[in-house]
Amino acid sequence: MSILIVIVAVVAGLAAGTALAAVLVRQQRATSGELLQRLVTTNQAVIGAERDRNAAELDGRKSLIDQQLVAMAGRLDEVSDLVRVLEADRERKFGQLSQQLSQQREGLTDLLQTTQSLREVLASPKSRGRWGERMAEDVLRLADFIENVNYRKQRSAVGGHGIPDFTFFLPNDLVVHMDVKFPLDNYVRYVESESDLDRKRFRDDFLRDVRGRIKELSTRDYVDPAGGTVDFVLLFIPNEQLYQFIHEADESIVQDASRRQVVLCSPLTLLAVLALIRQTCENFQLARRSDEILGLLGHFFEQWEKFVGQMDTLGKRIESTSREYEALVGTRKRMLEKRIGEINALRNDRRALSSVDEDEEDEEDGFGGSLALEA
């Protein structure tokens, strides 16, 4: 019985606990549902706000991206235009380059033909002489030298033998002669040789020809100071490379030429020599002008001294006249004024005496009349 009661009590307790638990569970579920609902509502609000903020941010970024895309599109258009311009310029320059290359190719062809023609021309001594004359005339033209004014061509040297190619005029009726004929055969062979042995042989032969030409020129009486020339003659070398080759190959040639009173000159050094000649002429003319000016100054100073002498004489006369005038208007005037003052004083005294006499007569007449009246 007691066990049954206990079991019943236990069962009742369990039922009550179960009911209570169920009630608690329902309350807990209701509370949890409410909290969950609140949480869901809060989360939805937060998510909505975040979504709105993200949407606004995305709109801003989209607007910025759109602006950047527009700017990039404009830049791309500019780059495209620049590329088109560069491409057109490249095509134009490429065309010009092609044209220039074509012209250079034609120029090289003409140069080769000219070189070949020049080689054929230089094979003749007479042709070499004409070529040297032409080169010298070009240099003279650059220096503004005029034929028969600053120089003459192909005329016999006065008192000498031979005909110099050029004769330059200097002050004081002096002249300097120049020859343009120069040996080139062995130098051409030296340049065209391929073996070192041939090059050395033709080099030595060319230097020997140069020495021979210098010696020959020194015997032509182109240097005659007594006949009106300077103490040297010019030997024109019509090529700068050739002129440099002579100096580098054998410097003693230049020294030997100087001893023989022969001056080697290339086109460039001839310009310097011609400039020196022109400067000498100008200095001579300036010196002559200076002498004329000094002569005129001498005459001027002579006339000036005469002018100053006459001015001094006139000044002395004026000074003497001034002293006499000062004496006239000074001492003489004062003396005359003094005498005039004395005369005026005498005249005043006479007037005063006359006045006194008249007064005395008047008084006498009055005194007698009074006496008569009294009588």
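Okay, one term before we start: "partly exposed" here means a relative accessible area between the buried class, under 20%, and the exposed class, over 50%. By that yardstick, Phe300 at 47% is partly exposed. And keep in mind that this is a predicted model.

So where does Phe300 sit? In helix α7, which covers residues 267-374. Phe300 also belongs to a nonpolar surface patch, along with residues including Leu297, Phe301, Trp304 and Phe307. Together the patch has about 1000 Å² of accessible area.

Now, charges. Opposite charges on side chains can pair up when the charged atoms come close. Searching the whole structure turns up 16 salt bridges.

Let me show you a few. Asp138 pairs with Arg134, with 3.6 Å between the closest N and O atoms. These two are four residues apart in helix α2, so about one helical turn separates them. Arg134 is exposed at 51%, while Asp138 is partly exposed at 26%.

Lys200 and Asp204 do something along those lines in helix α4, four residues apart, with their closest N and O atoms at 3.2 Å.

Then there's Arg220 with Asp179, at 3.7 Å. That pair links distant parts of the chain, 41 residues apart: Arg220 is in the loop between α4 and β4, and Asp179 is in strand β3. Asp179 is buried, at 0%, and Arg220 is partly exposed, at 23%.

Last one: Arg152, in strand β1. What is the nearest side chain of opposite charge to Arg152? Glu147, but 9.5 Å away, and Arg152 is buried with no salt bridge. Arg152 does touch Asp165, Phe166, Thr167 and Phe169, leaving aside residues up to four places away in sequence.

How values were computed. Residues are numbered from 1 along each chain as its sequence is written. This is a predicted model: local features need pLDDT of at least 70, side-chain atom pairs count only at pLDDT 80 or more; totals for chains, interfaces and linings use all residues. Side-chain values use heavy atoms; hydrogens and water are left out. Patches are made of residues with over 30% relative accessible area and no salt bridge: like charges are joined within 9 Å, nonpolar side chains (Val, Leu, Ile, Met, Phe, Trp, Tyr) within 5 Å. Accessible areas come from the Shrake-Rupley method with a 1.4 Å probe; for residues, only the protein chains shown count as cover. A salt bridge is a side-chain nitrogen of Lys or Arg within 4 Å of a carboxyl oxygen of Asp or Glu. Buried means under 20% relative accessible area, exposed over 50%, partly exposed in between (1.4 Å probe, protein chains only). Lys and Arg count as positive and Asp and Glu as negative; His and the chain ends are not counted. Contact means heavy atoms within 4.5 Å.
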